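This report describes one protein structure for a reader who has not seen it before. It starts with the whole chain and then turns to the interior.

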Amino acid sequence: MNTQDINKRIRLIMELRKKGITDASVLGAMERVPRDYFVPDAVKDQAWDDMALPIGRGQTISQPLVVATMTQALKLSDQDKVLEIGTGCGYQTAVLAHLCRRVYTIERHKPLQKAAQQRLEDLKLRNVTALAGDGMKGWPTMHGIDQAPFDKIIVTAAAREKPPQKLLDQLKIGGMMIIPVGGEDGQVLKLYKKDAVETTAVKDVMPVRFVPLLPDIAPDDEAA
Ligand code: SAH
C-alpha cells in the first residue's frame, strides 16, 4: 500500500468519526477492510470516498457511513452469530467478520455471490459462510443443522413495510435487527429488538436509499 492510499484510508475514518461514528472497534474494522478490493476497476479511485458506488448487476456497494452506522447500531460482541441478507460485493460482510464470532450471509444474484465469496476467502476471513439464495426465507436448514436463531440480523436491501416474518422468527430473544424499511418515496433505517413477547421497532436511525429486497434467486437475465 502506498502513502497516498494510507492517507485516503485515514481521511475516511476521520470523516466517519466526524459524522457520528464513535465506536472505536467499528472504526478499526473499517480501517482494516480494504474497500478498494471490493469495487470494480472503473471506480477504484473513489473506493475511499464516503459514497455508494456501482458494483454491477444494477447493485451498489453501500456508502461507508451507512455501513458504519448499521454496524455500530448492532452493538456487536465477539460472541455474536450474525445473519446478513444482501451480501452484494461482500464489503459489509468483511466488516462484520472482524467484529463477531461468525457471519452467515445470503445473496440472490449468483455471480455477485460467487465473486463476494472469493474476495472473502482471499482476505482469509474464515468465520464467514456465504450462500446464494433468497434471504427473505432466512438461513436454511443444511444437512439437518439449523444455524438460527441469530444474535443479530442485518438486512442491506429495503423491505417495503416491515421485516420479513422468517427473519423475525430467526432472531434470538434479546437479539437486534437493523433493516431499511420503505418504498421509492423514502426509506428509513430501523432498529428492531426482540423480547420474549414480540419484536418492536425501537429506533429510526437515519434516512437511507437501498435497492429493494426481492424474492427468489435472480434469473440470469434479470434487468437491473
Ligand atoms: N451489503 C452490501 C450492499 C448490498 S446491496 C455492501 O456491503 O455494500 C443489496 C444486495 O441485496 C444486492 O446485491 C441484492 O441483490 C441483494 N438482495 C436483494 N434481495 C435479496 C434477497 N431476498 N436475498 C438475498 N439478497 C438480496
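What follows covers overall form, the nonpolar cores, one helix and one buried residue.

**Overall form**

The model is predicted. The protein contains six helices and nine strands. Its radius of gyration is 16 Å, which agrees with the value near 17 Å that a compact globule of 224 residues would have. Among contacts between residues at least 6 apart in sequence, 54% join residues at least 24 apart. The table gives some values for the protein as a whole.

| Property of the protein | Value |
|---|---|
| Box filled by the C-alpha atoms, along the principal axes | roughly 50 × 40 × 40 Å |
| Share of the 224 residues that count as buried | 50% |
| Accessible surface | about 11,300 Å² |
| Share of the accessible surface belonging to carbon and sulfur atoms | 50% |
| Distance between the centres of the positive and negative side chains | 3 Å |

The charged side chains behind the last row number 31 positive and 29 negative.

**Nonpolar cores**

In soluble globular proteins, nonpolar side chains tend to be buried together. Here the largest nonpolar core has 48 residues, and the members that touch the most others are Leu16, Met30, Phe38, Ile61, Tyr91, Val95 and Ile178. Helix α3, residues 64-73, supplies the largest share of this core, with six residues. A second core, separate from this one, holds 19 residues, including Ile106, Val155, Leu168 and Tyr192.

Which residues does methionine 30 touch, leaving aside those up to four places away in sequence? They are Ile13, Leu16, Trp48, Pro64, Val67, Ala68, Tyr91 and Val95. Of these, Leu16, Tyr91 and Val95 are also listed with Met30 among the core members that touch the most others, while Pro64, Val67 and Ala68 are buried residues of α3.

**Helix α3**

Helix α3 is mostly covered, with ten of its ten residues buried. The buried residues include the polar-named positions Thr69, Thr71 and Gln72 as well as Leu65, Val66, Met70 and Ala73. Just after the helix, lysine 75 takes a positive phi of about 45 degrees.

**Threonine 93**

Threonine 93 lies in helix α4, which spans residues 91-97. Is this threonine buried or exposed? Threonine 93 counts as buried because its relative accessibility is 0%, and the cut-off for buried is under 20%. Not counting residues up to four places away in sequence, threonine 93 touches Glu84, Thr87, Val103, Thr105, Leu120 and Val128.

Conventions: Residues numbered from 1 in each chain as written. Predicted model: local features only at pLDDT ≥ 70, side-chain atom pairs only at ≥ 80, totals over all residues. Heavy atoms only, no water. Helix = DSSP H or I, 4+ residues; strand = E, 2+ residues; numbered from the N terminus. Rg over C-alpha atoms; globule rule 2.2 N^0.38 Å. Buried < 20%, exposed > 50% of the residue type's maximum accessible area, 1.4 Å probe, protein only. Contact = heavy atoms within 4.5 Å. Areas by Shrake-Rupley, 256 points an atom, 1.4 Å probe, with all protein chains shown as cover. Lys, Arg positive; Asp, Glu negative; His and termini not counted. Charge placed at Lys NZ, Arg CZ, Asp CG, Glu CD. Core = buried A, V, L, I, M, F, W, Y, C linked by side-chain atoms within 4.5 Å.
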